[in-house]
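Subject: Handing over the structure

Hello,

Here is the structure I promised to pass on to you. Please open it alongside this email, and then read on for what turned up in it.

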Amino acid sequence: MKKKILSLAVVMAMLLSFMPVIAQAETSGECGENLTWTLDDEGTLTISGIGDMTNGSFYLDVPWYSSCSSIKNIIIGNSVTSIGDWVFSCCSNLESVIIGNGVTSIGNSAFSKCSSLGSVVIPDSVTSIGAYAFDECSSIENVVIPDSVTSIGGGPFSSCSSLESISVDINNKYYSSENGNLFNNDKTTLIQYAIGKTDTQYTIPDSVTSIGVYAFSECSSLESVVIPDSVTSIGYWAFYNCSSLESVTIGKGVTGIGYDAFSCCISLKSVVIPDSVTSIGDEAFEYCSSLESVVILDSVTSIGNSAFSKCSSLKSVVIPDSVIGIGYDAFWKCSSLTDVYYGGSEDEWEAINIDSGNTPLTNATIHYNSTGIPSSLDCQTQILDYSESDGKYMIKSTAKNNTDTAISCVMYSAVYSSDGTLKACGTVKKNIDAGSNKEVDISVPCTIETGDTIKTFMWADNTTPLAKAGELVIQ
């Protein structure tokens with residue numbers, strides 16, 4: 001017994017003797033062909049020398065990895081010409097950075113996940129900012145892009161939850177900002193929405209033709225977004241985890257919905273895919289747990305893998321006869337799915353290549369040769385008036401149920417400019433009793449001007465178009 005106790009004491013002594021060696025982290029070294037780094041006791045990392053910084057292939061592959069948690073401040077000398085990929089990623093205690101005026105490029109993911117970084121000044125020597133350069137820097141509130149920048153990668157400030165404003169120097173010939181959001185110079189690409197803003201509604205400008213990757217990712221405040229007809233593409237992860245997003249209007253110019261574009265939008269209740277769209281990307285609406293209905297209009301030929309997977313509240317889906325392929329797990333774990341309204345015949349349905357993992361879809365009731373409009377329903381809607389209240393416009397309409405059945409109606413009101421472009425829309429859900437005629441007020445997030453046209457539509461249970469109101473042109 002004494003031998004065992006003695007042996008244990010010897011082992012413990014040996015381990016303790018090694019602990020200072022194990023705990024000792026590097027405090028200096030090389031980080032480029034002609035660059036050195038030092039980390040002092042105050043947590044200040046200084047990069048000195050001349051030339052480019054070595055890239056990291058991931059945040060582990062950097063010379064100060066073992067000391068990363070000790071870094072609070074970074075000083076990059078004036079003769080350093082580049083900040084490498086991944087080099088400061090996951091330095092979670094980093095609070096400030098001084099970038100020397102010789103730096104011309106900031107690498108991909110260079111400062112990603114630096115959650116304590118409160119501000120950064122990008123000097124006017126910088127010409128390029130890499131993809132995801134400041135991804136998940138959750139403490140940054142404002143960013144200024146100098147006029148020297150000519151190249152910005154995708155998602156440069158994605159998931160920066162406190163970011164309220166991105167400003168671009170007025171002399172920059174390649175980029176611009178509007179309402180604190182980042183665009184290319186002619187505003188055809190929305191690169192980054194400042195997700196720290198508290199706005200609940202946003203209408204993308206008509207000049208935009210593409211929405212960048214991660215552009216709105218993890219925006220927690222937006223409840224309604226209008227994508228105009230000018231937009232042709234929605235980048236992957238564009239609206240990922242927009243947790244408050246209840247309504248999205250997808251314009252009729254969009255041809256494809258990217259990978260994970262709306263995944264984890266847990267408040268989204270319904271979606272209409274316009275007939276301009278030909279493909280729905282993999283996982284496009286995965287984990288949209290409140291999504292009750294999906295209407296896919298003609299032209300879509302493929303529904304991607306896991307496109308609507310784990311949409312546990314999904315009750316019905318309208319699928320056009322243009323669809324020839326449905327990917328694996330596209331409707332996996334859609335446990336509430338009961339009805340599929342298919343535009344073609346039973347033979348055409350059987351000819352669709354439906355991959356594995358779609359049991360909820362194939363076990364649902366298939367309504368063949370159906371647009372989703374029950375012939376037994378008879379409803380009417382009419383615009384009565386409009387008014388302004390607290391900066392919002394209210395559209396007053398009627399919803400009349402001529403049947404002998406109470407119908408849960410969703411009223412849509414849309415405002416179009418004089419050239420036919422969709423400006424904004426609003427929705428409201430009302431139960432319309434049999435034989436009743438109710439007035440319904442719908443708020444729309446836009447200014448109504450002379451020449452605009454107001455239209456209202458009535459749908460049943462978010463999926464079934466019932467009636468279209470007469471148009472009201474503002475004189």
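Below are the findings, going from the cores to the cysteines, the salt bridges and a few spots elsewhere.

Before you start, please keep in mind that this is a predicted model.

**The nonpolar cores**

A good place to begin is the inside. As general background, nonpolar side chains in soluble globular proteins tend to be buried together. Here, the largest nonpolar core has 59 residues. Within that core, the residues with the most contacts are Phe216, Ile227, Phe239, Phe262, Phe285 and Phe308. Two or more residues each come from the strands β18 (224-227), β20 (247-250), β22 (270-273), β24 (293-296), β26 (316-319) and β28 (339-342). Another core lies apart from this one and has 48 residues, including Val126, Cys137, Ile140 and Leu182.

If you would like one residue to centre your view on, try Phe262. Which residues does Phe262 contact, leaving aside its neighbours within four places in sequence? They are Ile227, Ile234, Phe239, Leu245, Val248, Ile257, Ala284, Phe285 and Cys288. Of these, Ile227, Phe239 and Phe285 also appear among the core residues with the most contacts.

**The cysteines**

How many disulfides does a search of the whole structure find? The search finds one, and it joins Cys68 to Cys91, with an S to S distance of 2.5 Å. The link of Cys68 and Cys91 is left-handed, with -120 degrees about the S-S bond. Cys68 sits in the loop between β4 (51-52) and β5 (73-76), while Cys91 sits in the loop between β6 (80-83) and β7 (96-99), so the disulfide ties together parts that are 23 residues apart in sequence. Both partners are out of reach of the surface by the usual cut-off: buried means under 20% relative accessible area, so Cys68 counts as buried at 11%, and Cys91 counts as buried at 0%.

Two further cysteines deserve a look. Cys31 is buried, with a relative accessibility of 3%. Cys334 is buried too, at 1%. Why does the sulfur of Cys334 not bond with the closest cysteine sulfur? That closest sulfur belongs to Cys311 and is 5.2 Å away, which is too far for a bond.

**The salt bridges**

Side chains of opposite charge can pair when their charged atoms come close. This structure holds three salt bridges.

Lys113, Asp135 and Glu136 are linked in a network of salt bridges. In one of its pairs, Asp135 meets Lys113, with the closest N and O atoms 3.9 Å apart. That pair links distant parts of the chain: Asp135 is in the loop between β9 (128-129) and β10 (142-145), and Lys113 is in the loop between β8 (105-106) and β9, 22 residues apart. Lys113 also forms a salt bridge with Glu136, where the closest N and O atoms are 3.7 Å apart. Here the partners are 23 residues apart, with Glu136 in the loop between β9 and β10. As for burial, Asp135 is buried at 9% relative accessibility, whereas Lys113 is partly exposed at 33% and Glu136 is partly exposed at 33%.

In another salt bridge, the side chains of Lys310 and Glu286 meet, at 2.8 Å from N to O. Lys310 lies in the loop between β25 (302-303) and β26, and Glu286 in the loop between β23 (279-280) and β24, so this pair ties together parts that are 24 residues apart in sequence. Are Lys310 and Glu286 buried or exposed? Lys310 is buried, and so is Glu286.

**A surface patch and a strand residue**

On the surface, Phe58, Leu60 and Tyr65 make a nonpolar patch of about 290 Å². Tyr65 lies in the loop between β4 and β5, and Cys68 of the disulfide is in that loop as well. With a relative accessible area of 40%, Tyr65 is partly exposed.

Lastly, have a look at Thr44, which lies in strand β3 (residues 44-49). Thr44 is buried, with a relative accessible area of 15%. Not counting residues up to four places away in sequence, Thr44 touches Thr38, Leu39, Asn73 and Ile75.

Happy exploring, and best wishes

Definitions and conventions. Residues are numbered from 1 along each chain as its sequence is written. This is a predicted model: local features need pLDDT of at least 70, side-chain atom pairs count only at pLDDT 80 or more; totals for chains, interfaces and linings use all residues. Side-chain values use heavy atoms; hydrogens and water are left out. A nonpolar core is a set of buried Ala, Val, Leu, Ile, Met, Phe, Trp, Tyr and Cys residues joined through side-chain atoms within 4.5 Å. Buried means under 20% relative accessible area, exposed over 50%, partly exposed in between (1.4 Å probe, protein chains only). Helices (H or I, at least four residues) and strands (E, at least two) are DSSP runs, numbered from the N terminus. Contact means heavy atoms within 4.5 Å. A disulfide is a pair of cysteine sulfur atoms within 2.5 Å. Patches are made of residues with over 30% relative accessible area and no salt bridge: like charges are joined within 9 Å, nonpolar side chains (Val, Leu, Ile, Met, Phe, Trp, Tyr) within 5 Å. Accessible areas come from the Shrake-Rupley method with a 1.4 Å probe; for residues, only the protein chains shown count as cover. A salt bridge is a side-chain nitrogen of Lys or Arg within 4 Å of a carboxyl oxygen of Asp or Glu.
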